[in-house]
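Reader: I am new to reading protein models. Please pick one part of this one and take me through it closely, in short steps.

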Amino acid sequence: MFSIPGLKVVSLTDAAAARIREIMAQSAGDEPALGLRVGVKKGGCAGMEYTFEIARETAKGDEIVTEKDATVIVDAKAVLFLLGTELDFKTDRFSSTFVFNNPNQVSACGCGESVEIKPRTEAAVAQ
């Protein structure tokens, strides 16, 4: 587990926590859902994309964040890319989506599907 005093890997707004609770309630099946797994993968024109899936198990190195009765499991490979991120959920006239307020994001593509993220280093975290 990755821990830096005063710095969470991911924090949740009230809206994000409410949406995660809704998703978990709707994901009832044979295997219980542990939470919403969040990660990053290479892709898109800016270089990386955020990923989501229902987590039914955890893996070594995953960061488990439970806040406001909602659980997010941050993929171990994404921790340094998401360190300090606030996860929000926005609904407007045409869409509903999770929004990453990520201090490690350098830029985003014009269509909003991908981002450029620089992983946090130990020196940056110490500041």
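Author: Let us start at L82. Leaving aside its neighbours within four places in sequence, L82 is in contact with V9, V10, V38, V40, Y50, V74, F100, N102 and N104. Keep in mind that this is a predicted model.

Now place L82 in its surroundings. The largest nonpolar core has 25 residues. L82 is among the six that touch the most other members, along with L12, I20, V74, L87 and F98. Which elements give two or more residues to this core? On the strand side they are β1 (10-12), β2 (35-43), β3, β5 (70-74), β6 (85-91) and β7. On the helix side they are α1 (14-26) and α2 (79-82). The largest share is five residues, and it comes from α1.

So look at α1 next. The helix α1 has 13 residues. From its first C-alpha to its last it reaches 19 Å, close to the 18 Å expected at 1.5 Å a residue. Which of its residues are buried? They are A16, A17, I20, I23 and M24. These residues sit on the same side of α1, because they cover an arc of only 125° around the axis. There is a general reason to expect such patterns. An α-helix has 3.6 residues a turn, so residues three or four places apart point the same way. Now turn to the other face of α1. The face turned away from the buried side carries the exposed residues D14, A25 and Q26.

Go back to two contacts of L82: Y50 and F100. Both carry aromatic rings, and the chain has four aromatic pairs. Y50 and F100 form one that is stacked, at 3.7 Å centre to centre and 5° between the planes. This pair links distant parts of the chain. Y50 lies in strand β3 (residues 47-55), F100 lies in strand β7 (residues 96-101), and they are 50 residues apart. Are these two buried or exposed? Y50 is buried, with a relative accessible area of 19%. That value matters here, because buried means under 20%. F100 counts as buried too, at 12% relative accessibility.

F100 has another partner. F52 and F100 form a tilted pair, at 5.6 Å centre to centre and 40° between the planes. F52 lies in strand β3 and F100 in strand β7, so this pair ties together parts that are 48 residues apart in sequence. F52 counts as partly exposed, at 36% relative accessibility. Step back to the rings as a group. Ring pairs link Y50, F52, F89, F98 and F100 into a cluster. One of them, F98, appeared above among the core residues that touch the most other members.

Last, set this part in the whole chain. The chain has three helices and nine strands. Read along the sequence, the pattern is β-α-β-β-β-β-α-β-β-β-β-α. Of its 127 residues, 40% count as buried. Take the contacts with a separation of 6 or more: residues 24 or more positions apart account for 54% of them. The two ring pairs of F100 link partners 50 and 48 residues apart.

Definitions and conventions. Residues are numbered from 1 along each chain as its sequence is written. This is a predicted model: local features need pLDDT of at least 70, side-chain atom pairs count only at pLDDT 80 or more; totals for chains, interfaces and linings use all residues. Side-chain values use heavy atoms; hydrogens and water are left out. Helices (H or I, at least four residues) and strands (E, at least two) are DSSP runs, numbered from the N terminus. Buried means under 20% relative accessible area, exposed over 50%, partly exposed in between (1.4 Å probe, protein chains only). Contact means heavy atoms within 4.5 Å. Rings of Phe, Tyr and Trp (its six-membered ring) pair if their centres lie within 6.5 Å; planes under 30 degrees apart count as stacked, over 60 as edge-to-face and the rest as tilted. A nonpolar core is a set of buried Ala, Val, Leu, Ile, Met, Phe, Trp, Tyr and Cys residues joined through side-chain atoms within 4.5 Å. The expected span of a helix is 1.5 Å times one less than its number of residues. The arc is that of the directions from the helix axis to the C-beta atoms.
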